[in-house]
Amino acid sequence: MKVYGGIDLHSDNSVVGVIAEQDKSQYCKRLPNDLVRILGALEPYREHLEGVVVESTYNWYWLVDGLMAAGYRVHLASTAAIV
């Protein structure tokens, strides 16, 4: 089963979500902006996770770098460019 991750990044917290192919929510939780906590939330889905989309806000660098260093396929999304 393929799953997809998305992270809505805010200044001091993030909403981490994982959905299955049929848009069925597997996980959704607001977490503090702590790389270890976010990686822990994604870990149960790692084997089937196709990628993680991160909103390109002013503070995305630490999260994208951390996810990539942990081996996740990351997609950076600009909310201004998405219609």
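Five strands form an open sheet in this predicted model. Their order is S3-S2-S1-S4-S5, and the pairing is mixed. Strand S3 (25–32) and strand S5 (74–77) stand at the edges. Each has a single partner strand, so one side of each is left without a neighbour in the sheet. Neighbouring strands are turned against each other by 20° on average, direction ignored.

Now take the S5 edge. S5 pairs with strand S4, residues 49–55, in the parallel sense. The pairing runs over 4 bridges. Within this part of the sheet, Val53 stands opposite His75 in S5. How does the chain get from S4 to S5? It crosses through helix H2. This β-α-β crossover is right-handed.

Next, the other helix. Helix H1 covers residues 35–42. H1 lies across strand S1 (3–9), strand S2 (13–20), S3 and S4. Against S3, H1 runs at about 170°.

Helices and strands also meet in the nonpolar core. The largest such core has 20 residues. Which residues have the most contacts inside it? They are Ile7, Leu42, Val52, Val54 and Leu67. Two or more residues come from each of S1, S2, S3, H1, S4 and helix H2 (61–69).

Leu42 deserves a closer look. Leaving aside residues up to four places away in sequence, Leu42 touches Val16, Val18, Leu49, Val52, Leu67 and Tyr72. Two of these partners, Val52 and Leu67, are also among the residues with the most contacts inside the core.

Terms used: Residues numbered from 1 in each chain as written. Predicted model: local features only at pLDDT ≥ 70, side-chain atom pairs only at ≥ 80, totals over all residues. Heavy atoms only, no water. Pairing = 2+ DSSP bridges. Axes fitted to C-alpha atoms, helices over the stretch in contact; angles between N-to-C directions. Contact = heavy atoms within 4.5 Å. Core = buried A, V, L, I, M, F, W, Y, C linked by side-chain atoms within 4.5 Å. Buried < 20%, exposed > 50% of the residue type's maximum accessible area, 1.4 Å probe, protein only. Right-handed = clockwise from strand over helix to strand, strands pointing away.
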